[in-house]
Amino acid sequence: MRKIKEFVIEKLILLSGLASIFFVILIFLFLLKEGLALFKITSPFDFLFGKSWYPISEPPQLGILPLILGSLLVTVGAAVISVPIGVGCAVYIAEVAPLKIREVLKAGIELLAAIPSVVLGFIGMVTLVPLVKNVFHLPTGLTALSGSIMLAFMAMPTIVSIAEDALYSVPKTYKEGAFALGATHWQTIWRVMLPAASSGILAAVMLGIGRVIGETMAVMMITGNAAVIPHSILVPVRTLTATIAAEMGEAVVGSEHYFALFAIGIVLFVISFAINVTADLCLHKKQS
Amino acid sequence: MRNPRRTEKIAFFFLLLATLLIVVPVGLIVVIIIQKGLPAINWQFLSDMPRQGMRAGGIFPAIVGTIYLVAGAIIFALPIGLLAAIYLSEYSRENMLTRLIKLAIVNLAGVPSVVYGLFGLALFVVFFKFGASILSGSLTLGIMILPIIITASREALESVPSSFREVSLSLGASKWQTIRHIVLPNAIPGILTGTILGLGRAAGETAPILFTVAAFYLPQLPHSIFDQAMALPYHLYVISTQVPNVDEKIRYGTAFVLLALVLVMNLIAIVIRTRFRKKKKW
C-alpha cells in the first residue's frame, strides 16, 4: 500500500517537474493557434513592415512597423539610461558600500522591484509627464522620453541584482592579486572585476532589456499611445505591448484585429524567448 | 593628471551618484503615495461600493476581487510549484532534461505579462469557455507566478544539508518519507517566502487580468468563480486613465491600498527570511 502511494507521489512530482516545459509550449501553441490565422489574410512581410496600423478601418490595415519602432525607441532610450546607472549601482553595492548601507540599498532595490507597474505608471503620470512637458515646452508630456525614463527605472532592479551576483562570483583571488600588485581599488574594479564579470553583466543587461520590452501598463499610461512612426523621442509613441493591452478589449473574437493582436503576441514571445535563452547561455558560460 | 587616487575618488563619486539616482526616486515614490494617499483612507473608502461611475464611494469590490484572484492563483500554483521544486532538488540529475526544465522556468519568468493575458484569453476564456471569470484570471496569474514559487522553493530545499537526508535514509526511511518528514519541514520558511512573493506579484499585476477577468465597473461582489470581478490594479488603471474627473484623493487612495498590500506581503517575506537565517542551526 505504501509502495503504491509513493509510486503515485513520485510520478506526480515528475509530472510537475515537467509542467514548466509544458506551459511554455502551451503558451506558444495557443499564440500560434490564434495568431497564424492572420497570415491567411495578410502576408508576414506586410504585417511586420507595413507602415500603418488602422485595425478598425475598412479594410483594416495591419502593419506593425510603427509599433515595432515605438517599442524600439522606448527600449533603446531606457537602455541608454538604465545600463550605466544600473551597472554603476551594482558595482557600488558589491564593492564600495559599507556593509550596513549595503543591506539598506539592497532592500531599496527590492522595494522598487515589488512596486506594481500600474502604480509606477500612475506616479509617472502625475510627476514625470508634467515635468517632461514643462522642461521641453511640449504640447503633451506623454512621450517616448517619459516612457524611456520610467522603463529605465523598472529595468534597474533586474540589472542591479544580476550584475551584483556576477561581481560577487568573481573569485576573491583575482582581487587580492590585483591589490598585491599595487592597484587601487578602482583600478581593480575597472581592469579586473568588471572584465571577469562581463558575461554575467551582459546577461543582466539583456534581462533588463527583456523586462523593458515586455513591460505593459506603465508604458501604456505614459507614452501617449499614438500608433504612428516616431520621428523624435519627444513625441507620443505606442509600443507592441500597449497595443495588445489597449485594443484586445474591443477586438471581436475571431476578427482580423483579434488575430493581429495575437500575432503581435507571437512577436513578443519570440523576442523574450531569444533574450532569455541568450542571457541563460551567458550565465552558463560564466559558471563553466 | 593621472593620479590613481584622484581617479578613484571621482569614480566612486559617480558610482554613489548612480546608486542615489535609483534609491532616492524609490523613496520619493513611496513617500508621495503615503503622503497623498493616507488621508483618503478611512473605513468607508475600504468597505463601500464605488459610486457615481467610480467618482465617489469606496473600493471594496476591487479589494475583494484581488483577494479572490490571488487566493485562486496560489491554490493552483503552490502544489505544482512545490512538487516541481522537489523534483528539481531531490530527483533530477544533471542531464539534458533538467537543463530544459530550468530553461523553461527562466522563459516562463520572462514572458511579458500581457502575453500571459493573451494566453489566458485564448486558453481559458475562449477554448475552455470559462468566459471572463475569476477562474480564468486566477489560472492565468497562477501560471505567471509558477517560476517564482519553483525558484524560491528549490533554493529552500537545496539549502537543507545532505547529511539530514543521509541520516534519514540510513535509518531505513524511504526517499519520499525522507522528503516528507525531514527535507520539507526544514525548508518551510524558504517556501513560505517564495509563496508570499508570488502572492505580492499576483496582486499587483494588471496586464494578465485585463482580458481574463477584470470588470471595468461592477459595484457588487462576485457570487462564484465564474463571475467577473473588479481588481485593485485594474481599478487604479481605469480611474487614472479611462474615467475623467476622478477626485485625486480616490486615485491616490487606491494607489496607496495597492502599494501597501504588495509591500506588506514583501515585508512579511523578508521578516520570515531573516528570522529563519538567524535560527538556522547549520
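Buried residues account for 52% of the 288 residues in chain A of this predicted model. The secondary structure of the chain comprises 12 helices and two strands. Read from the N terminus, the elements of chain A follow the order α-α-β-β-α-α-α-α-α-α-α-α-α-α, with the two strands coming after the second helix. Along the principal axes, the C-alpha atoms of chain A fill a box of roughly 75 × 75 × 30 Å. Among the contacts in chain A with a separation of 6 or more, 73% join residues 24 or more positions apart.

It helps to turn next to the core. The largest nonpolar core contains 194 residues. The residues with the most contacts inside this core are A:Val119, A:Leu151, A:Ile159, A:Ala163 and B:Leu69, and the list therefore draws on both chain A and chain B. Helix α3 of chain B, residues 60–91, gives the most to the core, with 17 residues. One of the listed residues, A:Leu151, can be followed a little further. Apart from its neighbours within four places in sequence, A:Leu151 is in contact with A:Val74, A:Ala78, A:Val212, A:Glu215 and A:Val219.

A:Leu151 also takes part in a helix pair within chain A, formed by α6(A) and α9(A). Helix α9 of chain A spans residues 198–214, and its axis comes within 8 Å of that of α6(A), with a crossing angle of roughly 155°. The two helices are therefore roughly antiparallel to each other, and the crossing is right-handed. On the α6(A) side, the contact is made by A:Leu151, A:Met154, A:Ala155, A:Thr158, A:Ile159, A:Ile162, A:Ala163, A:Asp165 and A:Ala166. Their partners in α9(A) include A:Gly200, A:Ala204, A:Leu207, A:Gly208 and A:Val212. By class, this contact has 14 nonpolar, three polar and two charged residues.

Chain B offers a helix pair of its own. Helix α9 (residues 232–242) and helix α10 (residues 248–279) of chain B have axes that come within 10 Å and cross at roughly 160°. These helices, α9(B) and α10(B), are therefore roughly antiparallel to each other, and their crossing is left-handed. From α9(B), the residues B:Leu232, B:Pro233, B:His235, B:Leu236, B:Ile239 and B:Ser240 meet B:Ile250, B:Arg251, B:Thr254, B:Ala255, B:Val257 and B:Leu258 of α10(B). Eight of the residues in this contact are nonpolar, three are polar and one is charged.

The contact between the chains comes next. Chain A supplies 68 residues to this contact, and chain B supplies 70. Helix α1 of chain A (residues 2–35) provides the largest share of the side of chain A that touches chain B, with 19 residues. That side of chain A divides into 46 nonpolar, 17 polar and five charged residues.

One helix pair spans both chains. Helix α3 of chain A (residues 65–96) packs against helix α1 of chain B (residues 4–37) at an angle of about 110°, and their axes are 8 Å apart. This angle makes α3(A) roughly perpendicular to α1(B), and α3(A) passes α1(B) in a left-handed crossing. The residues of α3(A) in the contact are A:Pro84, A:Ile85, A:Gly88, A:Cys89, A:Val91, A:Tyr92, A:Ile93 and A:Val96. Those of α1(B) are B:Phe12, B:Phe14, B:Leu15, B:Leu16, B:Ala18, B:Thr19, B:Leu21 and B:Ile22. The contact of α3(A) with α1(B) has 14 nonpolar, two polar and no charged residues.

Some loop residues complete the picture. A:Pro116 lies in the loop between α4 (99–114) and α5 of chain A, and it counts as buried because 25 C-beta neighbours lie inside 10 Å. Setting aside residues up to four places away in sequence, A:Pro116 touches B:Gly204, B:Glu205, B:Pro233, B:Leu258 and B:Val262. Of these, B:Pro233 and B:Leu258 also appear in the contact between α9(B) and α10(B).

A:His137, in the loop between α5 (117–136) and α6 (144–168) of chain A, has a positive phi of about 50° although it is not a glycine. With 7 C-beta neighbours inside 10 Å, A:His137 counts as exposed. In chain B, B:Lys129 is found in the loop between α5 (113–127) and α6 (134–158). B:Lys129 is not a glycine either, yet it has a positive phi of about 55°. B:Lys129 counts as exposed, with 8 C-beta neighbours inside 10 Å.

Key:
Residues numbered from 1 in each chain as written. Chains lettered and ligands numbered in written order. Predicted model: local features only at pLDDT ≥ 70, side-chain atom pairs only at ≥ 80, totals over all residues. Core = buried A, V, L, I, M, F, W, Y, C linked by C-beta atoms within 7 Å. Buried ≥ 20, exposed ≤ 12 C-beta atoms within 10 Å, placed from the backbone. Helix = DSSP H or I, 4+ residues; strand = E, 2+ residues; numbered from the N terminus. Contact = placed C-beta atoms within 7 Å. Axes fitted to C-alpha atoms, helices over the stretch in contact; angles between N-to-C directions. Parallel < 35°, antiparallel > 145°, perpendicular 65-115°, else oblique. Left-handed = near helix turned anticlockwise from the far one by under 90°. Nonpolar A, V, L, I, M, F, W, Y, C, P; charged D, E, K, R; others polar.
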